[in-house]
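Here are some friendly notes to read alongside the model. Please keep the structure open as you go through the points.

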Amino acid sequence: MPDQLARLYDDHAQPLFAFLLNFTRNEDDTREVLQEIFVKLARQPDLLRSAHNERAFLIRLAHNAAIDHMRRRGTRARRDDEFSAESLQAFAPTSDPDEAAFRAGLTAALVEVPPDQRAVVHLKLWEGLTFEEIAEALEIPPNTAASRYRYGLDKLRERLRPLYEEIK
């Protein structure tokens, strides 16, 4: 099992971290939830055996763990307060000022998208999952995944429109 756990970590930790960070919006919470996931897998190695799709199973595990963590810690209210004061840098730094402005705008826009829509947008755009894979991972119908994606993109588009108009 240690070899399988190491492989799982190597193959999935980075995308799970990005997904969780986009969901929790807090690096410390993200690290804690990611650790909880892999500790759970180490303690219960049979969990993964029944999974049809390893990636979808791990995303579902991460999503559920993040929700549980947020409920336990009461981070929703704290998160909203934190983001009114500071913004999380969700993208790598860049030396191009236009790219930096766009990334900062996108980060700010993502904060305004509801978590359920933000999770679907992240999985679709950054992880490249299909709506069927997202539905399986989040345990929602594919049509719900598609509509959350559409609503999330609409919110991002509306929020980012001033940036596009400024660049023109």
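The points below go from the overall fold to single residues.

1. **What kind of model this is.** Please keep in mind that this is a predicted model. The mean pLDDT of the protein chain is 82, and 84% of its residues reach 70 or more.

2. **Where to trust it, and where to be careful.** Confidence is highest in helix α2, at a mean of 92. At the other end is helix α4 (residues 75-85), which has the lowest confidence, with a mean of 49. Over residues 83-88, pLDDT stays under 50. The model does show nine contacts beyond four places in sequence for residues 83-88. Still, where pLDDT is low, the predicted coordinates should not be read in detail.

3. **The overall fold.** The protein chain is made of eight helices, with zero strands. Read from the N terminus, the order of elements is therefore simply α-α-α-α-α-α-α-α. Of its 168 residues, 40% count as buried. Among the contacts with a separation of 6 or more, 68% are between residues 24 or more positions apart.

4. **The main nonpolar core.** The largest nonpolar core holds 42 residues. Within this core, the residues with the most contacts are Ile37, Phe38, Leu41 and Leu138. Two or more residues come from each of α1 (2-24), α2, α3 (54-73), α5 (97-112), α6, α7 and α8 (142-167). Helix α3 gives the largest share, ten residues. Where does this core lie with respect to domain 1 (1-88) and domain 2 (94-168)? It lies between them, because both domains give residues to it. As a general background, nonpolar side chains tend to be buried together in soluble globular proteins.

5. **Ile37, a good place to start looking.** Ile37 sits in helix α2 (residues 27-43). With a relative accessible area of 1%, Ile37 is buried, because the cut-off for that class is under 20%. Leaving aside residues up to four places away in sequence, Ile37 touches Leu20, Leu61, Ala62 and Ala65. You may also like to check the pair Ile37 and Leu58: they are 21 residues apart along the chain, and their C-alpha atoms are separated by 8.4 Å.

6. **One side of helix α7.** In helix α7 (residues 131-138), the buried residues are Ile134, Ala135, Ala137 and Leu138. Why do they fall on the same side of α7? They do so because they cover an arc of only 165 degrees around the axis. Leu138 is also one of the residues with the most contacts inside the largest core. Right after α7 comes Glu139, whose phi is positive, near 55 degrees.

7. **Two arginines to compare.** Is Arg118 buried or exposed? Arg118, in helix α6 (residues 115-125), is buried, with a relative accessible area of 1%. A polar atom of the Arg118 side chain lies 2.6 Å from the backbone oxygen of Asn22. Arg7, in helix α1, counts as partly exposed, at 33% relative accessibility. The side chain of Arg7 is joined to that of Glu54 by a polar contact of 2.7 Å.

8. **What to keep in mind.** If you look at one thing, I would suggest the core between domain 1 and domain 2, with Ile37 as one of its residues with the most contacts. When you reach helix α4, please remember its mean pLDDT of 49.

How values were computed:
Residues numbered from 1 in each chain as written. Predicted model: local features only at pLDDT ≥ 70, side-chain atom pairs only at ≥ 80, totals over all residues. Heavy atoms only, no water. Helix = DSSP H or I, 4+ residues; strand = E, 2+ residues; numbered from the N terminus. Buried < 20%, exposed > 50% of the residue type's maximum accessible area, 1.4 Å probe, protein only. Contact = heavy atoms within 4.5 Å. pLDDT = per-residue confidence, 0-100. Arc of directions from axis to C-beta. Polar contact = N/O pair within 3.5 Å; in protein donor to acceptor, adjacent residues only side chain to side chain. Core = buried A, V, L, I, M, F, W, Y, C linked by side-chain atoms within 4.5 Å. Domains from an automatic or database assignment.
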